[in-house]
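Dear colleague,

Please find the structure below, handed over for your consideration. I would be grateful if you could look through it alongside the notes that follow.

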Amino acid sequence: MLLTARRLSKVLQLTLAVIKPDAVAHPVMLEALHQRILDNNFVIVKCKDLVWRRQDSERFYAEHSGRFFFQRLVEFMSSGPMRAYLLAREDAIRHWRELMGPTKVFRARYTAPESIRGQFGLSDTRNTTHGSDSIESARREIDFFFPDFCMEEWMDKEEPLFRSGQIHYDDQKQIHTLSTQS
Ligand SMILES: Nc1nc2c(ncn2[C@@H]2O[C@H](COP(=O)(O)OP(=O)(O)OP(=O)(O)O)[C@@H](O)[C@H]2O)c(=O)[nH]1
Ligand SMILES: Nc1ncnc2c1ncn2[C@@H]1O[C@H](COP(=O)(O)OP(=O)(O)O)[C@@H](O)[C@H]1O
Ligand SMILES: [Mg+2]
């Protein structure tokens, strides 16, 4: 029955999530956020730690150049290690954005105290996480962080297998793999 239910479940959606330098700097917070991802039934397809140069930060957030916070955002996002995730689940984009909570931490603390930003955010810029805000953004952002990953191929070949539940969580690599691959 479960298998049938799984087979009938909605197609998995991909989204790009980032744990920002303010949280990566604190191993306990980083671990808590990683666990939050697992607890919310996200499949971790890919995960990598990286540091941006200033120009990477400017390119990724180009849509915000000219806003009053752009310089502090660019400096902050290239100030230290980040962790990038390629996540999959039903309605991944919306669900991760809901888990993050409002962009502005000072608002999140009042309107969404259980959210990631409400709980861990330091300020409106240093707000702990990023998440794609649309299917188009997810495509661009996945390509930005994981240029060798082919979304079409994954959706065609791997998504049905991940959706059918043949999943194994690799504690070492901290990602999910297909049971047949383990
Ligand atoms: N609309 C608007 N909001 C501003 C402006 N300057 C600051 N803010 C808001 O007020 C918040 C606090 O401003 P700051 O004190 O500069 O920020 P901070 O506490 O140093 O923290 P960061 O946002 O990480 O720099 C910002 O995160 C913005 O949301 C501004 O010129 N216009
Ligand atoms: N008013 C603001 N003050 C300070 N930083 C901001 C502000 N608005 C946005 N930012 C920073 O710019 C990033 C991108 O902004 P935006 O795309 O609007 O939010 P989100 O990250 O929730 O999609 C935010 O995550 C935050 O780090
Ligand atoms: Mg955004």
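The notes below cover confidence first, and then each ligand in turn.

Confidence

Please bear in mind that this is a predicted model. The protein chain has a mean pLDDT of 94, with 95% of its residues at 70 or more. Within the chain, strand E4 (residues 129–131) has the highest confidence, at a mean of 99, whereas helix H1 (residues 2–8) has the lowest, at 51. For the complex, the predictor reports an ipTM of 0.89 and a pTM of 0.92.

Ligand 2

The largest pocket is the space that ligand 2 takes up. Around this ligand stand 13 residues, and the closest of them are Lys20, Arg97, Thr103, Thr125 and Asn127. By class, this shell consists of 5 charged, 4 polar and 4 nonpolar residues.

Which polar atoms of the protein approach the oxygen atoms of ligand 2? A polar backbone atom of Thr125 lies 2.8 Å from an oxygen atom of the ligand. In the case of Asn127, an N or O atom of the side chain is 2.9 Å from an oxygen atom of ligand 2. A nitrogen atom of ligand 2 also has a partner, as a polar side-chain atom of Lys104 is 3.5 Å away from that nitrogen. On its own, ligand 2 has 530 Å² of accessible area, and the protein covers 89% of this.

Ligand 1

Seen from ligand 1, the surrounding residues are Phe68, Arg72, Lys104, Ser123, Asp124, Thr125 and Arg126. This shell divides into 4 charged, 2 polar and 1 nonpolar residues.

Three side chains can be named for their polar atoms beside oxygen atoms of ligand 1. For Ser123, a polar side-chain atom is 2.5 Å from an oxygen atom of the ligand. For Asp124, the corresponding distance to an oxygen atom of ligand 1 is 2.6 Å. An N or O atom in the side chain of Arg72 lies 2.9 Å from an oxygen atom of ligand 1. The protein covers 47% of the 610 Å² of accessible area that ligand 1 has on its own.

Two residues appear in the description of both ligands. Thr125 is among the residues around ligand 1 and is one of the closest to ligand 2. Lys104 is likewise listed around ligand 1, and its side chain supplies the polar atom at 3.5 Å from a nitrogen atom of ligand 2.

Yours sincerely

How values were computed
Residues numbered from 1 in each chain as written. Chains lettered and ligands numbered in written order. Predicted model: local features only at pLDDT ≥ 70, side-chain atom pairs only at ≥ 80, totals over all residues. Heavy atoms only, no water. Near = heavy atom within 4 Å. Polar contact = N/O pair within 3.5 Å; in protein donor to acceptor, adjacent residues only side chain to side chain. Areas by Shrake-Rupley, 256 points an atom, 1.4 Å probe, with all protein chains shown as cover. 1 Å grid on protein atoms, 1.4 Å probe; cavity = no way out; pocket = protein on both sides within 12 Å on 5 of 7 lines; lining within 4 Å. Sits in = over half its atoms within 2 Å of the grid points. Nonpolar A, V, L, I, M, F, W, Y, C, P; charged D, E, K, R; others polar. pLDDT = per-residue confidence, 0-100. Helix = DSSP H or I, 4+ residues; strand = E, 2+ residues; numbered from the N terminus.
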